[in-house]
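I opened this entry to record what I looked up in the model, topic by topic. Sheets come before rings, cores and backbone.

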Amino acid sequence: MLINILRIFRELSPHKCLFYFSAMRKLLLLPMVFFCFKTHAQFVDTMENYTVGERIFENHWTDFNCGGPCAIYASDDFAHDGSISGLIPGDTITDAVLDLGNKIFGTWLLEFWMYVPANKEAYFTILSTVPYEPPNIGHFYFNLDNQTPGEGVIEDIAIGDVSFTFPHDEWFRIIFWVDITSGIGNATWQLYINDVEIIPCETPFTKESGIYPTSLGGVEFFSHSTNSTFYIDDFLYWDPPVTCELGIKEAAVEAFHIFPNPVDEILKIEAKKNFEIICINIYDISGRLIETERNNFQQINISHLNKGLFFVEIKTNKGVEAKKVIKK
């Protein structure tokens, strides 16, 4: 047991170790209190730094044990933000993998945007490990066999097959949140497609047979047929220390409006709901905390920051919301 505990805490940065130790102690002694803990974005990928027409095989992008030839393409056909997105064409070869780090502890949230053209289909699954070893969790089909436009199904998850709807010819958002704080063998999750809850909070993170994965490994985006053409963009992967009821649900309905974006000097924050803001953290694209605001939550002067992409994290008494902001 001691060895397993050491394995878990070896993954965490020092401030994370302190957070989880404190959280366990407070569960035994005191009511839970919200603090402005520092968290690190694992990565933000706008897909703008890749070369159009070439396969992406670097950083958190790999492929399904092909060694590069079946990685995702960079495309300028469509983009959610900017001019480039990732393309899975209908070649039945492309088998891209987004590496999520084989996580066995903590809370992990992945958000990205997806575009499925009319008369096309799409598929992805969640991998147990990268490189892949079974089992994988869920088969996500969009317009399966090109027979159900605007409809999809998730197969082989704990609650059985689940149907959902999605729009063709426009971008829609995918968010899933996995809670592994009690270890991967007790993990739960929640998922939204197009801002609609499809997998409810605290659903076991298992196959339909009840088998848990060995870790949260990655996401496989596969060209499973000649009709399988879709685009993915604007990835955000991070580790918010919140429960699904207090975190992902509020993120999905976008509790805050941050503007202007892009911004030159003054970043304004407008609450859409009556939340108490605890603090606002600003991270650079590498996940490094560069600024914390604990007083003025209506507007922040960022004129002193360098130009580029930043990640704004708003912590409230009801959870956390994250936004991407471009500094002009």
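**Three-stranded sheet.** I am working from a predicted model. I looked up the sheet made of 3 strands and found it open, with the order 17-18-21 and antiparallel pairing. Strand 17 (256-259) and strand 21 (299-301) are the edge strands; each has a single partner strand, so one side of each lacks a neighbour in the sheet. From one strand to the next the twist averages 15°. I then took the pairing of strand 17 with strand 18 (residues 266-271), which is antiparallel and runs over 4 bridges. Within strand 18, I269 is the residue opposite I258.

**Strands 4, 5 and 16.** Strand 4 (residues 72-75) and strand 5 (residues 85-88) run antiparallel and are joined by 3 bridges. I noted Y73 opposite L87 of strand 5. Strand 5 also pairs with strand 16 (residues 230-238), again in the antiparallel sense and over 3 bridges. Here G86 faces I232 in strand 16 as its opposite residue.

**Seven-stranded sheet.** Next I traced the sheet of 7 strands, which is open and antiparallel, in the order 3-6-15-8-9-10-11. Which strands stand at its edges? They are strand 3 (61-63) and strand 11 (162-165), each with a single partner strand, so each has one side without a neighbour in the sheet. On average, neighbouring strands here are turned by 25° against each other, direction ignored. Inside this sheet I checked strand 6 (residues 95-103) against strand 15 (residues 216-222): they run antiparallel and 6 bridges join them. V97 has E220 of strand 15 as its bridge partner.

**Aromatic pairs.** I looked up the ring pairs next. A pair of aromatic rings is described by the distance of the centres and the angle of the planes. The count comes to 27 aromatic pairs. I wrote down F78 with Y115, a stacked pair at 4.3 Å centre to centre and 25° between the planes. F78 sits in the loop between strand 4 and strand 5, and Y115 in strand 7 (residues 107-115), so this pair ties together parts that are 37 residues apart in sequence. Is F78 buried, partly exposed or exposed? F78 is partly exposed, at a relative accessible area of 32%. Y115 counts as buried, with 8% relative accessibility, because buried means under 20%.

The second pair I wrote down is F221 with F235. Their ring centres are 6.4 Å apart and their planes stand at 75°, so the pair is edge-to-face. F221 belongs to strand 15 and F235 to strand 16, 14 residues apart, and the pair thus links distant parts of the chain. F221 is buried at a relative accessible area of 0%, and F235 is buried at 0% relative accessibility.

**Nonpolar cores.** In soluble globular proteins, nonpolar side chains tend to be buried together. I looked up how they group here. The largest nonpolar core holds 48 residues, and W61, M114, W189 and F221 have the most contacts inside it. A second core, separate from it, has 17 residues, among them V263, F275, I282 and I300. I note that F221 appears here and in the edge-to-face pair with F235.

**Cis peptide bonds.** Most residues other than glycine have a negative phi, and most peptide bonds are trans. I therefore listed exceptions to both tendencies. P134 and P135 are joined by a cis peptide bond with omega of about 5°. The loop holding P135 lies between strand 8 (122-127) and strand 9 (137-142). The bond from F259 to P260 is also cis, and its omega is near -10°. P260 is in the loop between strand 17 and strand 18, and these strands pair over 4 bridges.

**Positive phi.** N119 is not a glycine, yet its phi is positive at about 65°. I located N119 in the loop between strand 7 and strand 8. N119 is exposed, at a relative accessible area of 57%. N143, not a glycine either, has a positive phi of about 55°. Its place is the loop between strand 9 and strand 10 (151-155). Is N143 buried or exposed? I found N143 buried, with a relative accessible area of 0%.

How values were computed:
Residues are numbered from 1 along each chain as its sequence is written. This is a predicted model: local features need pLDDT of at least 70, side-chain atom pairs count only at pLDDT 80 or more; totals for chains, interfaces and linings use all residues. Side-chain values use heavy atoms; hydrogens and water are left out. Two strands pair if DSSP finds at least two bridges between them. Helices (H or I, at least four residues) and strands (E, at least two) are DSSP runs, numbered from the N terminus. Axes are lines fitted to C-alpha atoms, for helices over the stretch in contact, and angles run from 0 to 180 degrees between N-to-C directions. Rings of Phe, Tyr and Trp (its six-membered ring) pair if their centres lie within 6.5 Å; planes under 30 degrees apart count as stacked, over 60 as edge-to-face and the rest as tilted. Buried means under 20% relative accessible area, exposed over 50%, partly exposed in between (1.4 Å probe, protein chains only). A nonpolar core is a set of buried Ala, Val, Leu, Ile, Met, Phe, Trp, Tyr and Cys residues joined through side-chain atoms within 4.5 Å.
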